[in-house]
Structure formats: structure tokens, C-alpha cells
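Reader: I am a first-year student, and I would like to take a slow and careful look at a single part of this model. Could you walk me through it, step by step, once I have put it in front of us?

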Amino acid sequence: MQPGSENQPELNTHSAVDYHWRVWQLTGLIRPAGISKSLYRTYAIGLNLMVTLLFPLSLLARLILTRSMKELCENLTITITDITANLKFGNVYLVRRHLGEIRSLIQQLDCRALAICDRDELCALVQAVTTARNTFRTFAWIFVCGTSLSCVRVALARSRQLLYPAWFGVDWKNSNEAFLGIYVYQLFGLIVQAVQNCASDSYPPAYLCLLTGHMRALEVRVARIGCECGSGRQSYDQLLACIQDLTLIHRMHTIIQQILSVPCMAQFACSVAVQCTVAMHFLYVADADDRLAMILSVIFFVAVTLEVFVICYFGEKMRTQSEALCNAFYACNWVEQLPRFRRDLLFTLARAQRPSLILAGSYIPLTLETFKEVRAP
């Protein structure tokens, strides 16, 4: 995308979530084009039974069999985080058709932006795509660090340890073959889970970025109505085109609300539970000699808090942008326009005055004010 170039620029804002779609295809949620349906279904079922189902079950079984408070705190943090991550991953499968509808809406909005080819609009959309991609890369870096730290902890351990405390029903401490098999399985499962979680944690802010970017582009377009040389009829046509795009944006907001409500609510609950567990671990049962375990607990604490901050931050940006879009309708040159222009503008303002919010669990707004309440339970 090169706004302002002599040639017709290319625009595909849905590329902001290309990483996520590739992950979902690799992990068995969305079948890529050109692959046999039966073959892909077999692959998806096998992979998700082996990792998405059995991996958290092994953690949960170990948690149930834990006898010491120290191990309970360490295992509970990991188990809560992993189960929540798998619930969010499963939710993607349930809303995959909504994701396809969002792609269709984005394509329509992109076509309108390309037809108008305004530099400011295109720059706003390019910035939204860049921000969404950088969000994915940031989460990927965090998961790479977490996975690497788990491997380092096992390598530096004085006695034989697993990557994560889990129950497998075999004596892996005294059997090299059993330990090697479990280690390979855990490493494979950990990598798959990290890839899944990276996409699950970063797609909510990515779609919020896209929605905010298209709101910003429409704001720029609305602000020009009536300010350029042209007849009242031309200004009215511009208003109608903006109202059509506003309808697409509202539809996109409704779908995003549907797909983010459950995972965001799960993330809030996970964040509070992990924060409390880590706090109890440090205050009462932490072993000062096991510094790697303490570092791992801190990483979990920071990670779940960061996940909540990110979705609240981008939810706040979207709310602020929706207010700016409403102000743009107010600020357009409506005084000199036709009566029907002012009539349709009034109906549009009546809808635009309601701020756009994403509600976790259809109850908790994704705003920075909400993050302030969650970060210190």
C-alpha cells in the first residue's frame, strides 16, 4: 500500500489478521483452500485431541494430585492460564463464520476507500494494519520467551523435571525412555499451545484496530462533506455514501462484540485468578532458592495483566474514535445543504451519539477504567 503514489494503490486491511488466519489453518480451525475436507478434518481432530485436549488434562490431573501448597500455587497458575487459553481457542472455532463475515465487510469498506483514494484515509488504514501486525509480533515474542525459559529451567534443574508439572501415569523419573517421550510430547504441545495462544490473545486487539482504523477513515471523509466545491446534490450523495459505510461499520462492531464477549470475559476471570494465586505464592509459600520458578510466576502474572491491558487499551481507542466520528458529522458543512441532507444527518447523529463499546460478557466495558479496576483485585 502506497498512498499518494501515481499508480492505483493496493489496499487489503484484512491482511492485518493474516498471521491469525494462518495459525488457525495450521491448528485445525479453518480449512485452507485446496486441501481435502476429509484429510484436513482428520488432521484437525488428531492435533487437537493430542494437544488442545490432552495437554490441559495432564496439567489438571497433576493439580488434583498435588499435596504441597507450593506445588499447588505453581500448578494452579499454569493450569488456569492453559485452560483459559484453550477455551478462547475453542471459541474461535465457534465464531469462524462471523470471522468470514467480517472479512466481507472489510472488503466492502476497502473498495470504497480505494474508489475515493484520499491520502489521509489510506494512511489511517495503513497505520491500523501496522499496529495490528505489531501486536501479534509482540505477543509472539512474549510466548517465545516463556517457552524458552521453560526449556532453560529444565536444563538447569538439579534433578529431572518436566517442562510443566503434569501427570502421565508412568515413572518418568526412573525411566529414560518415558522421560524422553514425555519431554518430546510436552515440548511439541507447548509449541503448539504457544502458537494457538499467540493468535487467540492477539486477534481481539487486531480486530479492534481494524474497526478503529475504518472509523478514522470515515471520520476524515465525513469532515470533507460540503467543504469542497460542488452542488447540494453532490454533498447529499457524499452523505449517503458515508451513511452506508457507517452502517457497515456498525455491523462490523456488532459482530466483533459477539466474537469477543466470551474470550474477553474469560481473560478477565483468568487475570484475576492468576494475580491472586501468584500473590499468595510469593507471600506465603515461595522458595527463595527456586528463582526460575519465581521468574516463571512473574512472567505469568505480567502476561495475563498485559493481555487485559491490551484489549482495554484498544477498546478505549475504539470508543474515543467513535466519539470523534460523531463529532465529524456535527462539524460537516450541513448549514448550507438541502433540507433532506439535514434530515438524514439528524437520523445519523441520533445513532452515532451512542458511543461504541465492546462489552466482555455483555457486561464489562473494554476501557482503561476497567483495567484500573482489574489490575488490583
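Leaving aside its neighbours within four places in sequence, which residues is Ser235 in contact with?

Author: Please keep in mind throughout that this is a predicted model. Once its neighbours within four places in sequence are set aside, Ser235 is in contact with Ile225, Gly226, Gln337 and Phe341. Ser235 itself belongs to helix H7, a helix that runs over residues 232–285. With a relative accessible area of 5%, Ser235 counts as buried, because buried means a value under 20%. A further distance helps to place Ser235: its C-alpha atom and that of Leu208 are separated by 30 Å, although the two residues are 27 residues apart along the chain.

One of those contacts, Phe341, leads us to helix H9, since Phe341 is among the buried residues of H9, and H9 covers residues 339–352. The length of H9 can be checked by a simple piece of reasoning: at 1.5 Å a residue, its 14 residues should span 20 Å, and the end C-alpha atoms are indeed 20 Å apart, so the two values agree.

Phe341 shares its burial in H9 with Asp344, Leu345, Thr348, Leu349 and Ala352. These buried residues cover an arc of only 145 degrees around the axis, which means that they lie on the same side of H9. Behind such a pattern is a general rule, namely that an α-helix has 3.6 residues a turn, so residues three or four places apart point the same way. On the face of H9 turned away from the buried side, we find the exposed residues Pro339, Leu346 and Phe347.

Returning to H7, we can also follow this helix to an enclosed space, because a search of the whole structure finds 4 cavities of 30 Å³ or more, and H7 supplies at least two residues of the lining of the largest cavity, as do H2, H3, H5, H6 and H8. About 420 Å³ of space lies in this largest cavity, and among the 28 residues that line it, Thr81, Phe143, Tyr164, Asn197 and Phe300 are the closest to its centre. The greatest contribution to this lining comes from H8, with 7 residues, and the lining as a whole divides into 17 nonpolar, 7 polar and 4 charged residues.

Technical notes
Residues are numbered from 1 along each chain as its sequence is written. This is a predicted model: local features need pLDDT of at least 70, side-chain atom pairs count only at pLDDT 80 or more; totals for chains, interfaces and linings use all residues. Side-chain values use heavy atoms; hydrogens and water are left out. The expected span of a helix is 1.5 Å times one less than its number of residues. Buried means under 20% relative accessible area, exposed over 50%, partly exposed in between (1.4 Å probe, protein chains only). The arc is that of the directions from the helix axis to the C-beta atoms. On a 1 Å grid over the protein atoms alone, a cavity is a set of points where a 1.4 Å probe fits but cannot get out, and a pocket is an open set with protein on both sides within 12 Å along at least five of seven lines; lining residues have an atom within 4 Å of a point. Grid points are joined across faces, edges and corners, and a volume is the space filled by probe spheres set on the points. Ala, Val, Leu, Ile, Met, Phe, Trp, Tyr, Cys and Pro count as nonpolar, Asp, Glu, Lys and Arg as charged, and the others, Gly among them, as polar. Contact means heavy atoms within 4.5 Å.
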